[in-house]
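The exercises below are to be worked with the sequence and the model open side by side. Each task is followed by a solution in steps.

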Amino acid sequence: MEGTEKIMSVSQWYLIHSKARQEDVAEVNLRLLGVEIFCPRLRKLKPTRSKAQSEGEVLFPGYFFVKIDMKTGYRKVTYAHGVLRVVKFGAEPAVVEEAIIDSIRQRVHNGFVILPPSTSFESGQIVRIHKGPFHGFEAIFEQELNGTQRVALLMKTVAFQGRLVLDRDCVEL
């Protein structure tokens, strides 16, 4: 067929910015519109009076992935309830490689992403706290607490010596 050009539909993964804490709302609405969505979650232990219960926490708060053909699905995604915008680099929507999505999906077990245990800290190592009320203090790394993304540190100052439990992302070498 000379002179006719067949337009091919190409679905790719794109990064979507959700409205504040509305990843779930966006996910439900986009699924109802027939859009493939991937919003990976971490297991977070939520302490209760009787025991710790696990619940899902979004791996990338405020962001998730959709697989669509941008030529035909852009408006559907952009105007879905819970969506703030399609993330762009310059004027073009940010394409996420299939290999990245596959890599994250390989770490999903029972609906939650399992992160490999950290090997960056060793017991007895001096670390610096870079977030929170103890920002700027040095402490001794004691251990990583299982399944909580938290660490135990030993802290010694002139007037205080004690054990702290902080979110892991508050600590650096």
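Helices are DSSP runs of H or I with at least four residues, strands are runs of E with at least two, and both are numbered from the N terminus. The model is a predicted one.

**Exercise 1. Overall make-up**

Task: State how many helices and strands the protein has, what share of its residues is buried, and how much area the protein exposes.

Solution.
1. Counting the runs gives 3 helices and 16 strands.
2. A residue is buried when its relative accessible area is under 20%. Of the 173 residues in the protein, 32% are buried.
3. The exposed area is about 11800 Å², and carbon and sulfur atoms supply 53% of it.
4. Among contacts with a separation of 6 or more, 55% are between residues 24 or more positions apart.

**Exercise 2. The largest nonpolar core**

Task: Find which elements give two or more residues to the largest nonpolar core, and which of them gives the largest share.

Solution.
1. This core has 16 residues. Those with the most contacts inside it are Ile 16, Leu 30, Phe 64, Val 66, Ile 68, Val 77 and Val 83.
2. Two or more residues each come from strand 1 (12-18), helix 1, strand 5, helix 2 (70-78) and strand 6 (83-86).
3. Strand 5 gives the largest share, 3 residues.
4. Take Val 77 as a test case. Beyond its neighbours within four places in sequence, Val 77 contacts Ile 16, Leu 30, Val 35, Val 66, Ile 68, Val 83 and Val 86.
5. As a general remark, nonpolar side chains tend to be buried together in soluble globular proteins.

**Exercise 3. The two sides of helix 2**

Task: Sort residues of helix 2 into buried and exposed, and explain why the buried ones line one face.

Solution.
1. Met 70, Gly 73, Val 77 and Thr 78 are the buried residues to mark in helix 2.
2. Viewed down the axis of helix 2, the buried residues fall within an arc of 135°, so they line one face of the helix.
3. Thr 72 and Arg 75 are exposed on the other side of helix 2.
4. The cover over the buried residues of helix 2 includes strand 1, helix 1, strand 5, strand 6 and strand 8 (92-93).

**Exercise 4. Salt bridges**

Task: Determine how many salt bridges the model contains, and place the partners of three pairs in their elements.

Solution.
1. Side chains of opposite charge can pair when their charged atoms come close. The cut-off is 4 Å from a side-chain nitrogen of Lys or Arg to a carboxyl oxygen of Asp or Glu. With this cut-off the count is 6 salt bridges.
2. Arg 105 and Glu 36 form a salt bridge, 3.8 Å from N to O. Arg 105 lies in helix 3 (residues 98-105) and Glu 36 in strand 2 (residues 36-38), 69 residues apart. Both are partly exposed, Arg 105 at 33% relative accessible area and Glu 36 at 37%.
3. For Lys 67 and Glu 98, the closest N and O atoms are 3.3 Å apart. This pair joins strand 5 (residues 63-68) to helix 3 across 31 residues. Lys 67 is partly exposed at 24%, as is Glu 98 at 35%.
4. For Glu 138 and Arg 128, the closest N and O atoms are 3.3 Å apart. Glu 138 is in strand 13 (residues 138-145) and Arg 128 in strand 12 (residues 126-129), 10 residues apart. The relative accessible area is 46% for Glu 138 and 35% for Arg 128, and each counts as partly exposed.
5. A network of salt bridges links Asp 24, Glu 27, Arg 31 and Arg 41.

**Exercise 5. Two glutamates compared**

Task: Decide whether Glu 27 is buried or exposed, and list what Glu 57 contacts.

Solution.
1. Glu 27 is found in helix 1 (residues 23-32). Glu 27 counts as buried because its relative accessibility is 14%, and the cut-off is 20%.
2. Leaving out residues up to four places away in sequence, Glu 27 touches Ile 37, Cys 39 and Arg 41.
3. Glu 57 belongs to strand 4 (residues 52-58) and is partly exposed, at 33%.
4. Outside the four nearest places in sequence, Glu 57 contacts Pro 40, Arg 41, Leu 42 and Lys 44. Arg 41 thus appears in the contact lists of Glu 27 and Glu 57.

Definitions and conventions
Residues are numbered from 1 along each chain as its sequence is written. This is a predicted model: local features need pLDDT of at least 70, side-chain atom pairs count only at pLDDT 80 or more; totals for chains, interfaces and linings use all residues. Side-chain values use heavy atoms; hydrogens and water are left out. Buried means under 20% relative accessible area, exposed over 50%, partly exposed in between (1.4 Å probe, protein chains only). Contact means heavy atoms within 4.5 Å. Accessible areas come from the Shrake-Rupley method with a 1.4 Å probe; for residues, only the protein chains shown count as cover. A nonpolar core is a set of buried Ala, Val, Leu, Ile, Met, Phe, Trp, Tyr and Cys residues joined through side-chain atoms within 4.5 Å. The arc is that of the directions from the helix axis to the C-beta atoms.
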